[in-house]
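Colleague: I should be grateful for a close look at the interior of this model, and at the parts of the chain that meet there. Please treat the helix that gives the most to the core as the centre of the account.

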Amino acid sequence: MTPQAAAGSARPADPCCLVIFGASGDLTQRLLVPALYNLAAGGLLPDAFAIIGVARKDFSADAFRGRLEGGLKKFATRPVDDAIAKRLLSCVAYVQGGADDAQTYDKLRLELERIERARATKGNRLFYLATPPAAFAPIGGRLGSSALGREANGAWRRVIIEKPFGSDLASARALNQKLLEALEEHQIYRIDHYLGKETVQNIMVLRFANGLFEPIWNRDHIDHVQITVAETLGVGERGRFYDQTGALRDMVPNHLFQLLSLIAMEPPSRFEAGPVRAEKAELLEATKVASEADALANAVRAQYRAGYAANQAIEDYRTTAGAAPGSSTETYAALKLMIDNWRRADVPFYLRTGKALKSKLTEVAIKFKQAPFAMFRSTPVERLAQNFLVLGIQPCECITLQFNAKVPGPSISLAGVGMMFKYQDYFDAAPSTGYETLIYDCMIGDAILFQRADGIEAGWRVVQPILDAWRNVGANNLATYQAGSEGPEEADRLLARDGRRWRPIA
């Protein structure tokens, strides 16, 4: 995400070979190959490029290539040009083997040496870990011990790691330690696909490229901030995984904290990876770590009951295949967080995320303090607009500003109005998977949109007291909500005690 790329002058990525561990899985078919196709169609993939899939399944190179072609036709976000698809898929190879089997890396070495000669990729290697989290540390260790991930002779070696990065603070620290024993920090790209969305990337531009907003982006003018990530889908077939994870672990230390960091961080000294990631990590470090008692008071967890969401019947969470009988795993979490620095002091940040809710919605809403209405005391309060700046991420990528205006007529009366900017109205952007920018940035060595080790651990440090508190009380404070609703009443009370209320999920 370089300024040059944002200006439309992006260059093709560096020559490289992309090695996908877990290549037979769903992520490769549904997201990675369509994203690579979109990069190729946009002229951003180098001619000197190759793909090597690594997985346990016994495929030939032709069979694996056919699988990728089928996935591209099924999941492409735009019409597929056969010539571009053929050119992309002509450089595909496959290595069969387990992630923690030394022989796999011996076979991979031979295949890399062959394909690097044939495709002239200059020894640059991008390893994508599209695997279950348990394989992250073993693969990282093998890349180190086999020297496949060692940088030499001017060639770069980079590793993309999917979430979840750990399941608590201790496991995140342990995973960072194991990876950093085998690789350098600059080689590790911890990916969060939310940061591939245009609206999320635009937060920094909106804040730091507009003198209109940055002067009022502080405690003197902002009343509070709401960050919402709502889904209509239930857990579905992920019951076994989800019951060990829950909404807090699944969404908050990564997606929601990335949004929080971009909204609340201090201006970086330069638009470069080092300064940007340092400010994001510092913001999370400044987020107050609650005691367990405070965590119980300022965090709500809930589990959905049977109902209907998006016109689909959803069964009670506890009857989901894979969920433990009497499970206390939360499918909804809401938090109130405070940031202990000069600019954000006394400004509450309310975060919520949940499954099986009324609508699919991801947004950041900044509520500005109300102006004194002494001059307009005759105007009914309900007709006065709250001054919100809303950054819509899903389903509508837009920015909305709500303010008061005079109603036409001879008398002075006020009503709330809104102005909306939609990306599709101004920019002719082709549909994407959200992974294009992230993969491209990794290929050119731009780490702005990727998390650093200290940022990962700072996020887990904030949520760890909540995890501990919920574990210690068992199911005692677990609320419920009906599928298709906006969440539990307890979440409404979290804001109501501060004289505030959630924006509608609609």
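Modeller: A residue is called buried under 20% relative accessible area, exposed over 50%, and partly exposed in between. Ala147, at 23% relative accessibility, therefore counts as partly exposed. The model is a predicted one, and the description below moves from its core to the helix in question and then outwards.

The largest nonpolar core has 155 residues, and the members that touch the most others are Phe21, Phe49, Ile52, Leu108 and Tyr128. Helix H10, residues 246–264, gives the most to this core, with 11 residues. As a general point, nonpolar side chains in soluble globular proteins tend to be buried together. Phe21 shows how such a core member is surrounded: leaving aside neighbours within four places in sequence, its contacts include Val54, Tyr105, Leu108, Phe127 and Tyr128. Further contacts of Phe21 include Leu129, Ala130, Thr131, Ile139 and Leu143. Leu108 and Tyr128 thus appear both among the contacts of Phe21 and among the core members that touch the most others.

Helix H10 itself has 19 residues. From its first C-alpha to its last, H10 reaches 26 Å, close to the 27 Å expected at 1.5 Å a residue. The helix nevertheless has a kink of about 55° at Val252, shortly before the proline Pro253. Because 18 of its 19 residues are buried, H10 is largely enclosed by the rest of the structure.

The segment that follows H10 can be traced through two glutamates. Glu272 is placed in the loop between H10 and H11, and with a relative accessible area of 41% this residue is partly exposed. The C-alpha atom of Glu272 is separated by 6.3 Å from that of Ile448, although the two residues are 176 apart along the chain. Glu279 lies in helix H11, residues 273–286, and at 18% relative accessibility counts as buried. Not counting residues up to four places away in sequence, Glu279 touches Met265, Glu266, Pro267 and Pro268. For Glu279 and Met265, the C-alpha atoms are 5.8 Å apart, with the two positions 14 residues apart in sequence numbering.

Aromatic rings provide a further set of links. A pair of aromatic rings is described by the distance of the centres and the angle of the planes. The model has 13 aromatic pairs. In one of them, Tyr242 and Tyr317 are arranged edge-to-face, at 6.4 Å centre to centre and with 65° between the planes. Tyr242 belongs to helix H9 (residues 239–243) and Tyr317 to the loop between strands E10 (312–314) and E11 (332–337), so this pair ties together parts that are 75 residues apart in sequence. Both Tyr242 and Tyr317 are buried. A second edge-to-face pair is formed by Tyr350 and Trp502, at 6.1 Å centre to centre and with 75° between the planes. This pair links distant parts of the chain, 152 residues apart: Tyr350 lies in strand E12 (residues 349–354), and Trp502 in the segment after helix H16 (489–496). Tyr350 is buried at 0% relative accessibility, and Trp502 is buried at 10%. Ring pairs also join Tyr242, Tyr304, Tyr317, Tyr332 and Tyr481 into a cluster.

Two arginines are placed over ring faces. Arg219 lies over the face of Trp342, at 4.4 Å from the ring centre. Arg503 lies over the face of Phe388, with 5.1 Å to the ring centre.

Some backbone features in the loops complete the account. The peptide bond between Lys163 and Pro164 is cis, with omega about 0°, and Pro164 lies in the loop between strand E5 (157–161) and helix H7 (169–182). Another cis peptide bond runs from Gln394 to Pro395, with omega near -5°; Pro395 is in the loop between strands E14 (388–394) and E15 (398–406). Ala147, the partly exposed residue mentioned at the outset, has a positive phi of about 70° although it is not a glycine. Ala147 is found in the loop between helix H6 (136–145) and E5. Asp346 likewise has a positive phi, near 70°, in a residue other than glycine. Asp346 is placed in the loop between E11 and E12 and, with a relative accessible area of 66%, is exposed.

How values were computed: Residues are numbered from 1 along each chain as its sequence is written. This is a predicted model: local features need pLDDT of at least 70, side-chain atom pairs count only at pLDDT 80 or more; totals for chains, interfaces and linings use all residues. Side-chain values use heavy atoms; hydrogens and water are left out. A nonpolar core is a set of buried Ala, Val, Leu, Ile, Met, Phe, Trp, Tyr and Cys residues joined through side-chain atoms within 4.5 Å. Buried means under 20% relative accessible area, exposed over 50%, partly exposed in between (1.4 Å probe, protein chains only). Helices (H or I, at least four residues) and strands (E, at least two) are DSSP runs, numbered from the N terminus. Contact means heavy atoms within 4.5 Å. The expected span of a helix is 1.5 Å times one less than its number of residues. The bend at a residue is the angle between axes fitted to the seven residues ending there and the seven starting there. Rings of Phe, Tyr and Trp (its six-membered ring) pair if their centres lie within 6.5 Å; planes under 30 degrees apart count as stacked, over 60 as edge-to-face and the rest as tilted. A charge sits over a ring if NZ of Lys or CZ of Arg is within 6 Å of the ring centre and within 35 degrees of the ring normal.
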